[in-house]
Amino acid sequence: MIDPTYARPETLDDALLFLKRHGADTCLLAGGTDVMVDLRSGKLKIPYLMDISRLPELQGIALWEEGLSIGAGVTISEIYASPLVREHAPSMLKACAFFGSPQIRNVATIGGNVGNASPSADTVPSLLVHETKAVLAGSSGERTVAVENLFDGPYQSGIRPDELILRFILAPARGRFSDFQKIGRRKALAISRMSMAILAERAGDETFRFIRLGLGSATPTPMRMKAVESFLAGKRPDRKTLEEGALLMAEEMVHVTGRRPSTVYKEKAVQGLFLRMLEPLAEN
Amino acid sequence: MKTYSVLPIRFNINGEEVHLEVGAGETALHVIRERLSLKGTKEGCGMGECGACTIVVDGKSVNACLMAAPQLDGRKVMTVEGLGSVENLHPLQEALLDHHGVQCGFCTPGLLMSAQALIQKTPRPTHQQVVESISGNLCRCTGYQQIVTAIEDGAKKGGGET
């Protein structure tokens with residue numbers, strides 16, 4: 001293995017200047033939990049590693065008027081320990097509770113999890129149901145992109161070579177029904193076979209004012225299941241409705257992926273996960 | 001901005017200041033085992049799955065195999081060699097012996113580091129906290145029960161006070 005050249009900017013301006021010149025030849029390094037694995041295996045051959053793990057501009061969690069801001073350099077452990085996230089984005093807290101292992105959570109960052117664009121990135125379903133915007137900085141300034149539109153395909157993000165993620169702005173959702181669950185081969189250190197985040201608000205008569213469903217590890221990029229969302233909106237969560245919703249969930253998923261060898265399992269699993277997660281709301 | 005093919009770094013390991021020149025693609029694990037000859041830290045999978053290379057960096061457990069060596073710069077690092085010595089075992093190490101928490105021993109240094117990170121922060125951990133703290137460490141011999149009991153006991157016997 002040929003060692004890449006190492007750069008550690010002290011400021012965001014320095015980082016952006018470097019990316020302007022060398023962006024296409026640079027891999028960003030934060031927690032290293034994906035990058036170091038790919039460097040070791042030889043999958044990643046890149047002239048420059050730019051270490052952004054100490055950039056102060058990427059740190060911090062705060063509640064602003066525009067939403068709940070989580071810096072791209074915030075670690076999964078820090079998110080899990082955040083009272084603000086616990087209050088305003090409980091599904092994100094749960095996603096972080098079961099993320100990798102303690103050692104991984106201590107260094108892995110939310111920006112890295114999103115930027116790596118894995119179909120099974122555990123933080124993304126929750127970001128989707130919070131209608132999260134990613135704030136990107138590049139040599140020509142900042143731009144904001146909905147996380148929903150950030151992915152071009154598996155491991156392909158729409159982040160340009162001269163850009164990095166500054167922070168995520170989540171629509172806060174205090175006091176609503178919110179959950180994240182995943183299916184893996186075991187509890188710790190398992191890549192999700194399927195993951196789902198749900199955020200729902202109900203009206204006084206128990207009907208869904210809205211429900212948002214974020215599905216991970218099932219489609220080429222994590223995605224909102226909007227057909228199911230609009231089917232459920234305005235309806236009460238009785239068993240018949242939920243079971244119809246579950247079937248629609250499976251149909252939508254297969255519609256995106258086509259029938260693959262894993263479909264036999266996944267179309268059952270997605271229904272089971274959906275029903276299990278909405279069980280607390282189910283009416284007889 | 002300056003770039004480096006070889007980067008001078010300094011960090012504290014087990015109480016000693018170290019100055020080294022490291023490569024960008026070098027791992028912290030390589031530095032610890034091969035450059036500093038601290039062979040207590042083991043390489044298992046080399047990809048963050050097994051926890052055999054766990055070290056404590058600024059109070060947190062991390063996988064040394066996933067940490068780039070330049071990221072050691074300025075950090076305070078502890079490996080199993082910093083925990084206790086043959087003559088003077090740490091209470092966690094005593095407890096692992098007492099409760100038969102060691103069989104082949106390959107996972108033991110990593111487990112000790114995960115346990116140490118836990119009890120530095122939480123001197124009297126609950127059973128659940130102990131189980132969670134070692135959920136990133138694989139052991140193929142013991143079945144974990146003895147290890148969990150040992151960490152609980154080691155914390156009680158003052159491991160959490162040092």
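Is helix α3 of chain B largely enclosed by the rest of the structure or largely open, and how many of its 14 residues are buried? Of the 14 residues of α3(B), 12 are buried, so the helix is largely enclosed by the rest of the structure; a residue is called buried if 20 or more other C-beta atoms lie within 10 Å of its own, exposed if 12 or fewer, and partly exposed in between, with C-beta atoms placed from the backbone.

This is a predicted model, in which local features need pLDDT of at least 70 and side-chain atom pairs count only at pLDDT 80 or more, while totals for chains, interfaces and linings use all residues. Residues are numbered from 1 along each chain as its sequence is written, and chains are lettered from A and ligands numbered from 1 in the order in which they are written.

**Helix α3 and the core**

Helices (H or I, at least four residues) and strands (E, at least two) are DSSP runs, numbered from the N terminus. Among the buried residues of α3(B) are Leu111(B), Leu112(B), Met113(B) and Leu118(B). The end C-alpha atoms of α3(B) are 20 Å apart, which agrees with the 20 Å that its 14 residues should span at 1.5 Å a residue; the expected span is 1.5 Å times one less than the number of residues.

The largest nonpolar core (a set of buried Ala, Val, Leu, Ile, Met, Phe, Trp, Tyr and Cys residues joined through C-beta atoms within 7 Å) has 128 residues, and those with the most contacts inside it include Met50(A), Ile198(A) and Ile55(B). The largest share of this core, seven residues, comes from α3(B), which covers residues 108–121. Not counting residues up to four places away in sequence, Ile55(B) touches Met113(B), along with others including Val62(B) and Ala64(B); two residues are in contact if their C-beta atoms, placed from the backbone, lie within 7 Å.

**Two domains and two chains**

Chain B is divided into domain 1 (6–81) and domain 2 (91–161), with bounds that come from an automatic or database domain assignment. The C-alpha centres of these two domains of chain B lie 21 Å apart, and their contact takes 15 residues from domain 1 and 14 residues from domain 2. On the side of domain 1 of chain B that touches domain 2, β4(B) gives the largest share, three residues.

The contact between the chains takes 30 residues from chain B and 30 residues from chain A. On the side of chain B that touches chain A, β5(B) gives the most, with four residues.

**Strand pairing and positive phi**

Two strands pair if DSSP finds at least two bridges between them. Strand β1 of chain A (residues 5–7) and β1(B) pair in the antiparallel sense over two bridges, with Ala7(A) standing opposite Thr3(B). The strands β4(B) and β5(B) are also antiparallel, pairing over four bridges, and Thr54(B) has Asn63(B) as its bridge partner. Their hairpin has two residues between the strands, and Asp58(B) takes a positive phi near 45 degrees there.

Positive phi values are also found in two loop residues of chain B.

| Residue | Phi | Loop in chain B | C-beta neighbours within 10 Å |
|---|---|---|---|
| His100(B) | near 55 degrees | between α2 and α3 | 13 neighbours |
| Tyr144(B) | about 75 degrees | between α4 and α5 | 16 neighbours |

With these neighbours, His100(B) counts as partly exposed, and Tyr144(B) is partly exposed as well.
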